Amino acid sequence: MPDPARPVAPPAPAPRPAPLPAGGSPHAAPPAAAAAPAAVPAPAPLRYRRVMLKISGEALMGPQGYGLHPPTVQRIALEVKAVHELGAELCMVIGGGNIFRGLQGSAQGMERTTADYMGMLATVMNALAMQSALEGMGVFTRVISAIPMDQICEPYIRRRAVRHLEKGRVCIFAAGTGNPYFTTDTAATLRASEMACEAIFKGTKVDGVYDRDPARHPDARRYDRITYDEVLARDLKVMDASAIALARDNDLPIVVFALDEPGGFRGILRGEGRYTLVHGQGYTQAARPVL
């Protein structure tokens, strides 16, 4: 018998049944578990982490015959932004042929050194235009000039430029090498070597290197891969000879692709698209032409 000095606790109330869903019955099957979301494939890794993009000044002209075409500048800036969003570190060199070309001025009687310096100033104008387009899209950009112009851009200091890249800023190198008699192709190869870039991307009107001008010769053959020495021996118009020789001496591959192909720059970094790779002898023994 229970101790009369201690009160007996009342029995616990029975648990209430869970409410039934509207229109349900006590014998209905439980709701099925939600299907797990489909796994999203991981993006392909980047083939190059730090690259130099070299484009000509004429690429900024668009359909007009001179100067800057703002919609074209915006389109190229979008391509650069897409690559920047992948996490790649980007350097750029832009020619000045859409405004002034030193060799043409020299051919018309102007002193060559003066003409080349005028061409360097044209590259600064193009670099500022590209900087404006990129920063309008939220991409932090620095214009770095080989000729000091403190009011409009930074002077070239290698360690500072490397730091900009490490912070995720796009660096546009302007004014060539700062010396006459050197093209912007050579300037791009020099800066790419100094910045420890893994490749130079040369944006052109065609999707690679051909044995002849494909615009004039429909039967021209495109090369999938070709060596520096073969480019020089066959006088293929990829870049000028000084730039090719400098790239060869520093084992810096050159990727030639079509700048007008939407998403082409981004795709090549992920191992897609059509392009020509210019490389050293250790990569392959012979060029492989592709019909």
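**Helix α5, its partner α7 and selected residues**

With a relative accessibility of 30%, Arg75 counts as partly exposed, because the buried class ends under 20% and the exposed class begins over 50%. The model described here is predicted. Arg75 sits in helix α1, which spans residues 70–85. Beyond the neighbours within four places in sequence, Arg75 is in contact with Leu259 and Asp260. Ala133 is 58 residues away from Arg75 in sequence. In space, the C-alpha atoms of Arg75 and Ala133 are 9.3 Å apart.

The protein as a whole has 291 residues, and 43% of them count as buried. Its secondary structure comprises eight helices and 11 strands. Contacts reach far along the sequence. Among those between residues at least 6 apart, 73% join residues at least 24 apart.

Helix α5 covers residues 184–194. This helix is mostly covered, with eight of its 11 residues buried. The buried set opens with a run of six: Thr184, Asp185, Thr186, Ala187, Ala188 and Thr189. Arg191 and Ala192 are buried as well. Several elements contribute to the cover. Among strands, the cover includes β1 (50–55), β2 (89–94), β5 (170–174) and β6 (199–204). Among helices, it includes α3 (112–136) and α7.

Both sides of α5 in sequence show local features. At the N-terminal end, Thr183 acts as the cap. A side-chain oxygen of Thr183 lies 3.3 Å from the backbone nitrogen of Asp185. After the helix comes Ala196, with a positive phi near 60°.

The pairing of α5 with α7 (residues 241–249) was examined next. The two axes come within 8 Å and cross at roughly 15°. Angles under 35 degrees count as roughly parallel, so α5 and α7 are roughly parallel to each other. Their crossing is left-handed. From α5, the contact is made by Asp185, Thr186, Thr189 and Leu190. From α7, it is made by Ser242, Ala243, Leu246 and Ala247. The residues of this contact divide into four nonpolar, three polar and one charged. An α-helix has 3.6 residues a turn, so residues three or four places apart point the same way.

In α7 itself, Ala243, Ile244, Ala245 and Ala247 are buried. Ala243 and Ala247 also belong to the contact with α5. The buried residues of α7 pack against α5, α6 (228–233) and β9 (254–258). At the start of α7, Asp240 directs a side-chain oxygen to within 3.0 Å of the backbone nitrogen of Ser242. Ser242 is also one of the α7 residues that touch α5. Just after α7, Asp251 has a positive phi of about 50°.

Three buried residues outside this helix pair were also examined. Leu165 belongs to helix α4 (residues 158–166). Its relative accessibility is 1%, so Leu165 counts as buried. Not counting residues up to four places away in sequence, Leu165 touches Arg50, Glu89, Leu90, Cys91, Cys171 and Met195. Cys91 is 74 residues from Leu165 along the chain. The C-alpha atoms of this pair are separated by 7.9 Å.

Asn98 lies in the loop between β2 and α2 (102–107). This polar side chain belongs to a buried residue, because the relative accessibility of Asn98 is 1%. With residues up to four places away set aside, Asn98 touches Gly57, Glu58, Leu60, Met61, Tyr66, Gly67, Leu68 and Asn126.

Asp207 is in the loop between β6 and β7 (209–210). At a relative accessible area of 18%, Asp207 is buried, because the cut-off is under 20%. Two polar contacts involve its side chain. One, of 2.6 Å, joins Asp207 to the side chain of Tyr210. The other, of 2.8 Å, links Asp207 to the side chain of Arg274. Leaving aside neighbours within four places in sequence, the contacts of Asp207 include Arg274, Tyr275 and Thr276. Val256, Phe257 and Ala258 are in contact with Asp207 too, as is Arg222.

Note on methods:
Residues are numbered from 1 along each chain as its sequence is written. This is a predicted model: local features need pLDDT of at least 70, side-chain atom pairs count only at pLDDT 80 or more; totals for chains, interfaces and linings use all residues. Side-chain values use heavy atoms; hydrogens and water are left out. Axes are lines fitted to C-alpha atoms, for helices over the stretch in contact, and angles run from 0 to 180 degrees between N-to-C directions. Helices (H or I, at least four residues) and strands (E, at least two) are DSSP runs, numbered from the N terminus. Angles under 35 degrees count as roughly parallel, over 145 as roughly antiparallel, 65 to 115 as roughly perpendicular and the rest as oblique. A crossing is left-handed if the near helix is turned anticlockwise from the far one by less than a right angle, and right-handed if clockwise. Contact means heavy atoms within 4.5 Å. Buried means under 20% relative accessible area, exposed over 50%, partly exposed in between (1.4 Å probe, protein chains only). A polar contact is a pair of N or O atoms within 3.5 Å; within protein, one must be able to donate a hydrogen and the other to accept it, and residues adjacent in sequence count only if both atoms are side-chain atoms.
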